[in-house]
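Me: I'd love a close look at one part of this model, the helix α7 and the helices packed around it. Could you take me through that region and then out to its surroundings?

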Amino acid sequence: AVAGLGSMEGAVGSEGGVAAPLPESITECAVLVLSTPSTDLKASLTLRIAGAWRTGIITQIGEAKPSDTPGRPSHVTILHPSKMPKRGKGGSLPNRIAMVHSLVHIESVAIDLSWDIIARYHHENLPKEFYDDWVKVAADEAKHYTLLSKRLHELGSSYGALPAHDGLWESALETANSLQSRLCIEHMVHEARGIDVTPGTIARFRAGGDTKSAEMLDMILQDELTHVTAGMRWFRYLCERSDPPIDPVSKFHEMVRAHFKGGLKPPFNTAGRTAAGMTEEWYLPLVNAPVPKPKQQPTAGKTQ
């Protein structure tokens, strides 16, 4: 169960204090969240849906199809990652605000990613446990967004006060046609990278005297370990279900080399990754892995 769920379940889609009815299937609920522009409403709606799924109010999977472009708030300026201003190390208040703002944005996109995996791949004939896992992940991301957004306000800012980038969603679009590659890139590369860098961010907050933000990230890190575990669980499931079965480690290497540019970069949080079930044979062979070059086309006038 997600902390604070009960207090937020009726917080969206209500008039006169009465919550609007939810869709009957979890994929329709996923599309509803994805189409909601307000990130605050995404979070509160996510928690309400998660409660309804957990308690058996919603039981159907359904067949709703998500858009490739989720609803996003118009007041947030999106830049190319290369155009993003450099963030400091967290010592000053402006630097700490920039770090928390970045985390708020990441968690808001993570809400969309969690619901997108639920709706986009319903045709894969997956068991109920798959949806249990990703509804819980979505609820975790909504909880993280809500906590960090509140913290950002306490620091004197708000989401949209600084620019953000869309790198996470761009990689989701690249993997939209394959559940295996989606699990690899979003949940076993990007989320595992979060496990690597979060302890350093916590240390910077502590060094800057921001114990409250540091403790918040400590809690979030524990949840993120379970998200990497969920990604690995369902990636292994798909590999084992293949006919013939596929070696999951080799398949992971193949997909990362195909869909993730530049290879994986140390240092790694070895203890954290191991706690999530990702031992070194999964990622060390991918350090600085070269990107496959496209096959050279024949030059005009020459024969092969």
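Reply: Happy to; here is a walk from that helix outward to the loops around it.

Please keep in mind that this is a predicted model. To set the scene, the protein chain holds 11 helices and four strands. Of its 304 residues, 47% are buried. If we take contacts between residues at least 6 apart in sequence, 79% of them join residues at least 24 apart.

Let's begin with the pairing of α4 and α7. Two packed helices are described by the angle between their axes and the distance between the axes. For helix α4 (residues 93-120) and helix α7 (residues 179-207), the angle is about 160° and the axes are 12 Å apart. An angle over 145 degrees counts as roughly antiparallel, so α4 is roughly antiparallel to α7. The crossing of α4 past α7 is left-handed. On the α4 side, the contact is made by R96, M99, V100, L113, D116, I117 and R120. Facing them from α7 are L179, R182, L183, E186, H187, T201, R204 and F205. Sorted by class, the contact of α4 with α7 has seven nonpolar, two polar and six charged residues.

Several of these residues come up again around A172, which sits in helix α6 (residues 167-174). A172 has a relative accessible area of 0%, so it is buried. Apart from neighbours within four places in sequence, A172 is in contact with L113, R182 and E186. L113 belongs to the α4 side of the contact described above, while R182 and E186 belong to the α7 side. L183 of α7 is 11 residues from A172 in sequence, and their C-alpha atoms are 9.7 Å apart.

Now for the partnership of α7 with α9. Here the packing angle is about 85°, with the axes 10 Å apart. Angles of 65 to 115 degrees count as roughly perpendicular, and α7 and α9 are therefore roughly perpendicular to each other. In this contact, Q180, S181, C184, I185, M188 and V189 of α7 meet K251, F252, M255, V256 and H259 of α9. By class, the contact of α7 with α9 divides into seven nonpolar residues, three polar and one charged.

F252 deserves a pause. If neighbours within four places in sequence are set aside, F252 is in contact with C184, M188, V189, F235, M278, W282 and L286. Of these, C184, M188 and V189 are among the α7 residues that meet α9. F252 also belongs to the largest nonpolar core, which has 78 residues; F252 and W115 are the ones with the most contacts inside it. Helix α8 (residues 211-241) gives this core its largest share, 13 residues.

That brings α8 into the picture, and with it another helix pair. Helix α5 (residues 128-154) packs against α8 at an angle of about 160°, and their axes are 10 Å apart. That makes α5 roughly antiparallel to α8. As with the pair we started from, the crossing is left-handed. The contact of α5 with α8 has 11 nonpolar, five polar and 12 charged residues.

Finally, a few loops are worth your attention as you turn the model. Most residues other than glycine have a negative phi, and most peptide bonds are trans. In the loop between α8 and α9 you will find P244, and a cis peptide bond joins D243 to P244, with omega about 0°. P267 lies in the loop between α9 and α10; P266 and P267 are joined by a cis peptide bond as well, with omega about 5°.

G262 is also found in the loop between α9 (248-259) and α10 (270-275). Its relative accessibility is 31%, so G262 counts as partly exposed. The C-alpha atoms of G262 and L286 are separated by 9.2 Å, although the two residues are 24 apart along the chain. L286 is one of the residues in contact with F252, which links this stop to the earlier one.

The last stop is N125, in the loop between α4 and α5. N125 is a residue other than glycine with a positive phi, near 55°. At 63% relative accessibility, N125 counts as exposed.

Methods. Residues numbered from 1 in each chain as written. Predicted model: local features only at pLDDT ≥ 70, side-chain atom pairs only at ≥ 80, totals over all residues. Heavy atoms only, no water. Axes fitted to C-alpha atoms, helices over the stretch in contact; angles between N-to-C directions. Helix = DSSP H or I, 4+ residues; strand = E, 2+ residues; numbered from the N terminus. Parallel < 35°, antiparallel > 145°, perpendicular 65-115°, else oblique. Left-handed = near helix turned anticlockwise from the far one by under 90°. Contact = heavy atoms within 4.5 Å. Nonpolar A, V, L, I, M, F, W, Y, C, P; charged D, E, K, R; others polar. Core = buried A, V, L, I, M, F, W, Y, C linked by side-chain atoms within 4.5 Å. Buried < 20%, exposed > 50% of the residue type's maximum accessible area, 1.4 Å probe, protein only.
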